[in-house]
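The exercises below are meant to be worked through with the sequence and the coordinates at hand. Each task is followed by a solution that goes step by step.

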Amino acid sequence: MAWLALGYFLAYIPYAMLVKAMSSGVSPLAGSPVDGLVLLPAAALGQLAVMPLFLAASGWWRYGRRHEIPGVGRVRAPGRETLLAGFFTALIIGTTTLNFAFTGVSILLVLLLMRGGVLIISPLVDSARKRKVSRSAWSALAFSLLAVSVALGDVDSYHLTLATVLSVLTYLIGYVGRFEIMSRVAKTGVKEIDRRYFVEEHAAAPVFLVGILAAVALAGQPELRSGFTTFLGTPAAWGAIGIGVAYEVLFVFGTLIYLDHRVYTWCVPANRCASLLSGLVASYALAGLAGLPVPGDAQLLALVFIGVAIVSLSYPATASWWRERGTRARRVLFVCGGNTSRSPMAEVIARTHAAQAGGSARRVRFASAGVSPARSGAPLAPAARTALADLGVRRVPGRVHPRRHRARPVTPQLCQDSSVIYCMTRAHRDAVVALAPDAENRTLCLDPHGDVPNPEGQSTEVYRQCAHRIEELVRTRLHEFLGGGPGPDVRPAGVG
């Protein structure tokens, strides 16, 4: 989380500087102040152009789901909920830039209303989702709100136009809708699920934003129409496009902060603290470069409360890491049909690879079970033991040797205790989800491209081939689980 907050802080500085410079007329690209509505189209087009470049360069586009379209085939596209989240996010993106640019209104006041509003929303969403909020998160929220309140001392005018009020309300409505959807379909702590949400929302939001702005421009809004036409031919348009590019970087870090599995009452103060700090840095930079006023004493005093909030946020994680280093364990469950061949082979292979990888991998615990064991307590199939030996798996780390394996059925408790569940087929996944619906987002097919066939009753060579395939899949999945990148196409088979 620390590097995400740092990234957000660093990304917000050029964004805030560009918007303030363009809207105040001190940018060398614009000889006079540019209206916020005129800036918006070029900024939205800038983000829309950069968004696919990021998804392609990062390789995260592979996390997106495929949907069957008649006459076209399977294509990657957002689901209904992430599409709606993209709409709410488009409202946030558009109003964020717009709120910097209202004439006759204190920019500081508007920014504080935005930040304070989201801080207030966070515990409301957590309460609605019945998520427990820790005392450290409440403390960070309180000090963050206190910092916002103290900073209001530097506001020179509390005048707000109707357009400003509507823009801030739209911004906050966007966050309510986005957080509600995100808390239902993401924030799981399972990278595959969270990044799927990130990719689909990310792909939808800039498209929605450009579409909304274009529709309003076509309806006759003069500033937006100018932004899509004459303004794009001026040098100042490059500054507006730069705002969109800067916001794209900001968006990546900000969204990943919110997708952290912890409650919003923890994530939002982390985001808002970075935002307040970067706003101050941007203000001082513009004061030195363009002669704009420096932040007042109240904003500097607010830094003290921001510092206390940051300490409140970081203390539990730091203390927990110190207390539990080397002892904390995450659990991975492999599921097949009878729990005598495929899933126990995957368990043994995973344990072996984790021991070889060392570090955090040694704290992962592996288990296996079957959706319909023919006989509870049945041993590992002899052909499966031979296949494991052919892979060089003879000495297995831990107390559970393959010879001691006994088949068992998958249970709701096993599913509840597991960080992620890998199934050998789509049918197995469906059975697990039916048994433990709450584990749906953590239940994936081991091979996202298809089923791992059952070798039972077939030749030793078939078992060897099955073991080799499972080894490749387990290596990829374990790499992902421990924080590596995705494989060729890591989506939950049978979902979407």
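**Exercise 1.** Which helix contributes the largest share of the nonpolar patch?

Solution. The model is a predicted one, and the place to begin is the membership of the patch: Leu113, Leu160, Leu162, Val165, Leu166, Leu169 and Ile173 form it on the surface, with about 610 Å² of accessible area together. Setting these positions against the helix boundaries shows that helix H6, which covers residues 162–185, supplies five residues and with them the largest share. Leucine 162 is found in helix H6, and since exposure requires over 50% relative accessible area, its value of 64% makes leucine 162 an exposed residue.

**Exercise 2.** Describe how strands S1 and S2 are arranged and what joins them.

Solution. Strand S1 (residues 66–69) pairs with strand S2 (residues 73–76) in the antiparallel sense, over four bridges. Within this pairing, arginine 66 stands opposite arginine 76 in S2. The two strands form a hairpin with three residues between them, and in the turn glycine 71 has a positive phi of about 85°.

**Exercise 3.** Which parts of the chain does the salt bridge between arginine 65 and glutamate 200 tie together?

Solution. The closest N and O atoms of arginine 65 and glutamate 200 are 2.7 Å apart, and the two residues form a salt bridge. Arginine 65 lies in the loop between helix H2 (36–58) and S1, whereas glutamate 200 lies in helix H7 (residues 191–218), so the pair ties together parts that are 135 residues apart in sequence. Buried means under 20% relative accessible area; arginine 65, at 15%, is therefore buried, and glutamate 200, at 3%, is buried as well.

**Exercise 4.** Examine two salt bridges of helix H16 and assign the burial of each partner.

Solution. Glutamate 471 and arginine 475 meet in a salt bridge of 3.8 Å, N to O, and both lie in helix H16 (residues 460–481), four residues apart, which is about one turn of the helix. Glutamate 471 counts as buried at 15% relative accessibility, while arginine 475, at 42%, is partly exposed. Glutamate 480 forms a salt bridge with arginine 477, with the closest N and O atoms 3.1 Å apart. Here glutamate 480 is buried, with a relative accessible area of 7%, and arginine 477 is buried at 2%.

**Exercise 5.** Over which residues does pLDDT stay under 50?

Solution. The protein averages a pLDDT of 82, and 88% of the residues score at least 70. Over residues 485–496, however, pLDDT stays under 50. Where pLDDT is low, the predicted coordinates should not be read in detail.

How values were computed. Residues numbered from 1 in each chain as written. Predicted model: local features only at pLDDT ≥ 70, side-chain atom pairs only at ≥ 80, totals over all residues. Heavy atoms only, no water. Patch = residues over 30% accessible without salt bridge, like charges linked within 9 Å, V, L, I, M, F, W, Y side chains within 5 Å. Areas by Shrake-Rupley, 256 points an atom, 1.4 Å probe, with all protein chains shown as cover. Salt bridge = Lys/Arg side-chain N within 4 Å of Asp/Glu carboxyl O. Buried < 20%, exposed > 50% of the residue type's maximum accessible area, 1.4 Å probe, protein only. Pairing = 2+ DSSP bridges. pLDDT = per-residue confidence, 0-100. Contact = heavy atoms within 4.5 Å.
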